[in-house]
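I opened the file to look up a few things about this chain. These are my notes, in the order I made them.

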Amino acid sequence: YQRRVRARRSSATSHSISSISSGINAEYGSVSMVDAATKKTLAAIPLLKTKAGPRDKEEWPIRLKEEVTSLIKYIQNNKEADNDWLRIQSNKEGTRWFGKCWYIQDYKKYEFELEFDIPVTYPSTAPEIAIPELDGKTAKMYRGGKICLTEHFKPLWSRNAPKFGVAHALALGLGPWMAVEVPELIKRGVVVHKDDQPTGE
């Protein structure tokens, strides 16, 4: 059995962007750390309540349910904003996550496999998201294909733990990283669309 995350309509009453955004500076820090577009994205992602990691056998299932709810809403929001760019699922225990993310440029879809484990100190520590196939192709990446996040990410995460979850890590970490790095990799010819790759003999 694999826990899958799909966008679906939620029956729960959602807060408006404006009402959540009114307290955004207190939650997410100064304007210089988070731009307006990111604030809007974050404000629409449900915050999590349960402070529990994989070792907490009683509370972790509750936290995991919150994670899935938050992810479903995030993916749904992306679709409604015509910004659908990832699919993700986890193992039964919710400790290992994997899926696909993509970037579209010049009407071509560049798709990548993503993966990460939930740290034992989660949610105090953010997950390290990896795109293994890009390992060694950019300086903005650690060994194993783990993406190098901005200097603002860790303090922002620390201040908002345990309210931030996997959806927030994707929105704050992987999304902005891809928006900057993938176009540059394409420009340098390091990443080539599958339709443009030479065929084997």
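Entry 1, strand pairing. The model is predicted, and I began with strands E2 and E3. I found that E2 and E3 pair in the antiparallel sense, over five bridges. I looked up one position in detail: Ser90 stands opposite Trp97, which belongs to E3. Five residues lie between E2 and E3, and the two strands form a hairpin. In that turn I noted Gly94, with a positive phi of about 75°.

Entry 2, the next pair. How many bridges join E3 to E4? I counted 10 bridges, and E3 and E4 run antiparallel. As an example, I picked Trp102 and found that its bridge partner in E4 is Glu111. E3 and E4 also form a hairpin, with two residues between them. Asp106 sits in this turn and has a positive phi of about 50°.

Entry 3, the nonpolar core. I then looked up the largest nonpolar core, which has 42 residues. Those with the most contacts inside it are Ile88, Cys101, Phe112, Val166, Leu170 and Leu174. The elements that give two or more residues to this core are helix H4 (60-80), strands E2 (86-90), E3 (96-105) and E4 (108-117), and helices H5 (153-160) and H6 (166-187). Which element gives the most to this core? It is H6, with 12 residues. I added a reminder from general reading: in soluble globular proteins, nonpolar side chains tend to be buried together.

Entry 4, one core residue. I listed the contacts of Cys101, leaving aside neighbours within four places in sequence. Cys101 is in contact with Trp85, Leu86, Tyr110, Glu111, Phe112, Leu114, Ile131, Leu174 and Met178.

Entry 5, a loop residue. Where is Val120 found? I located Val120 in the loop between E4 and strand E5 (141-142). Not counting residues up to four places away in sequence, Val120 touches Pro54 and Arg55. I also checked Val120 against Ala52: they are 68 residues apart along the chain, and their C-alpha atoms are separated by 9.7 Å.

Entry 6, the two sides of a helix. I turned to helix H3 (residues 36-43) and noted its buried residues: Thr38, Lys39, Leu42 and Ala43. These four residues lie on the same side of H3 because they cover an arc of only 135° around the axis. Ala36, Ala37 and Lys40 are on the other side of H3, and they are exposed. I wrote the general rule underneath: an α-helix has 3.6 residues a turn, so residues three or four places apart point the same way.

How values were computed
Residues are numbered from 1 along each chain as its sequence is written. This is a predicted model: local features need pLDDT of at least 70, side-chain atom pairs count only at pLDDT 80 or more; totals for chains, interfaces and linings use all residues. Side-chain values use heavy atoms; hydrogens and water are left out. A nonpolar core is a set of buried Ala, Val, Leu, Ile, Met, Phe, Trp, Tyr and Cys residues joined through side-chain atoms within 4.5 Å. Buried means under 20% relative accessible area, exposed over 50%, partly exposed in between (1.4 Å probe, protein chains only). Contact means heavy atoms within 4.5 Å. Two strands pair if DSSP finds at least two bridges between them. The arc is that of the directions from the helix axis to the C-beta atoms.
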